[in-house]
Structure formats: structure tokens, C-alpha cells
Amino acid sequence: MDMVDPTVFRLAIFVLAIFVGYYVVWSVTPALHTPLMAVTNAISSVIIVGALIAAGPEDFSLAKVFGFVAITLASVNIFGGFLVTQRMLSMYKKKQK
């Protein structure tokens, strides 16, 4: 029995995750987009924890560079996501006279 190359296996999982994510996000009604954004922000915070672990070793390596890039991009995603969520929630507030 031949074993599947781990790279091909991981690539297949990645492609399936793209399709599942696409159909999950586009099938959500507009009223649920705000909670969906909040969950996305929570996922990005988990990415920050992993990136901090990757950037943590004392020696300078490629993992440290990728960890720093991941921290930067996830931070932008988190703060931008919170701004978008706050703006979406403000659309539902009643206007004051």
C-alpha cells in the first residue's frame, strides 16, 4: 500500500478548507455577519499566540521572521475586524434626534 505524500495530503485539506469556508461565509444571512466577524477576530487572536511561540526562540531564524510577519498581519486583521464590527453594530443603533 502506497502512502500519500504529506504535502499532497495537506494541500488537499487546505483546498477543502477554502471551499468549506467560502460556502459557509457566503451562505450566512446579513444579520449574522457581525457575530461571524467576532469569531474571526477570536481566531486571529489564536494565530497571534502561535506566532508569538514561533517568534520566541532566541536565535535568529526563518521561523522568527515568519513569526513576526504573522504577528503583524494577525494584529492588523484583529484591529481592522474590530473596527468593522463596531461600524456594523453602529448601523443598527437608532439615530438620536
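Which residues of H3 are buried? The legends below take up this question along with a few others, all for a predicted model.

**Figure 1. Overview of the three helices.** The protein has three helices and zero strands, and its elements follow the order α-α-α from the N terminus. Of the 97 residues, 13% are buried. The exposed surface comes to about 8400 Å², with carbon and sulfur atoms supplying 75% of it. If we take contacts between residues at least 6 apart in sequence, 60% of them join residues at least 24 apart.

**Figure 2. Close-up of helix H3 and its buried residues.** Here is the reply to our opening question: Gly67, Ile71, Ala74, Ile78, Gly81, Thr85 and Met88 are the buried residues of H3. As a general reminder, an α-helix has 3.6 residues a turn, so residues three or four places apart point the same way. Helix H3 covers residues 62–91. Its 30 residues should span 44 Å at 1.5 Å a residue, and the end C-alpha atoms of H3 lie 43 Å apart, which agrees.

**Figure 3. Close-up of the largest nonpolar core.** Six residues form this core: Ile48, Ala51, Ala55, Ile71, Ala74 and Ile78. The elements giving two or more residues to the core are H2 and H3. A good place to start looking is isoleucine 48, which touches Ile71, Ala74, Ser75 and Ile78, leaving aside residues up to four places away in sequence. In soluble globular proteins, nonpolar side chains tend to be buried together.

**Figure 4. Close-up of asparagine 41 in helix H2.** Is asparagine 41 buried or exposed? Asparagine 41, found in helix H2, has a relative accessible area of 3%; this is under the 20% cut-off, so the residue is buried. Beyond residues up to four places away in sequence, asparagine 41 touches Asn77, Ile78, Gly81, Phe82 and Thr85. One of these partners, isoleucine 78, is 37 residues away along the chain, yet the C-alpha atoms of asparagine 41 and isoleucine 78 are separated by 5.2 Å.

**Figure 5. Close-up of alanine 54 and its contacts.** Alanine 54 sits in helix H2, which runs over residues 33–55. With 29% relative accessibility, alanine 54 counts as partly exposed. Which residues does alanine 54 touch, not counting those up to four places away in sequence? They are Ala63, Lys64 and Gly67. Between alanine 54 and lysine 64 there are 6.0 Å from C-alpha to C-alpha, and the two are 10 residues apart in sequence. Gly67 also appears among the buried residues of H3.

**Figure 6. Close-up of valine 76 on helix H3.** Valine 76 has its place in helix H3. Valine 76 counts as exposed, because its relative accessibility is 56% and the cut-off for exposed is over 50%. Serine 44 lies 32 residues from valine 76 in sequence, and their C-alpha atoms are 9.5 Å apart in space.

**Figure 7. Close-up of a nonpolar surface patch.** Leu11, Phe14, Val15, Ile18, Phe19, Val20, Tyr22, Tyr23, Val24, Val25 and Trp26 make up a nonpolar patch on the surface. Together these residues have about 1200 Å² of accessible area. Leucine 11, one of the patch residues, belongs to helix H1, which takes in residues 6–26. How does leucine 11 count, and at what relative accessibility? Leucine 11 counts as exposed, at 53%.

Notes: Residues are numbered from 1 along each chain as its sequence is written. This is a predicted model: local features need pLDDT of at least 70, side-chain atom pairs count only at pLDDT 80 or more; totals for chains, interfaces and linings use all residues. Side-chain values use heavy atoms; hydrogens and water are left out. Helices (H or I, at least four residues) and strands (E, at least two) are DSSP runs, numbered from the N terminus. Buried means under 20% relative accessible area, exposed over 50%, partly exposed in between (1.4 Å probe, protein chains only). Contact means heavy atoms within 4.5 Å. Accessible areas come from the Shrake-Rupley method with a 1.4 Å probe; for residues, only the protein chains shown count as cover. Patches are made of residues with over 30% relative accessible area and no salt bridge: like charges are joined within 9 Å, nonpolar side chains (Val, Leu, Ile, Met, Phe, Trp, Tyr) within 5 Å. A salt bridge is a side-chain nitrogen of Lys or Arg within 4 Å of a carboxyl oxygen of Asp or Glu. A nonpolar core is a set of buried Ala, Val, Leu, Ile, Met, Phe, Trp, Tyr and Cys residues joined through side-chain atoms within 4.5 Å. The expected span of a helix is 1.5 Å times one less than its number of residues.
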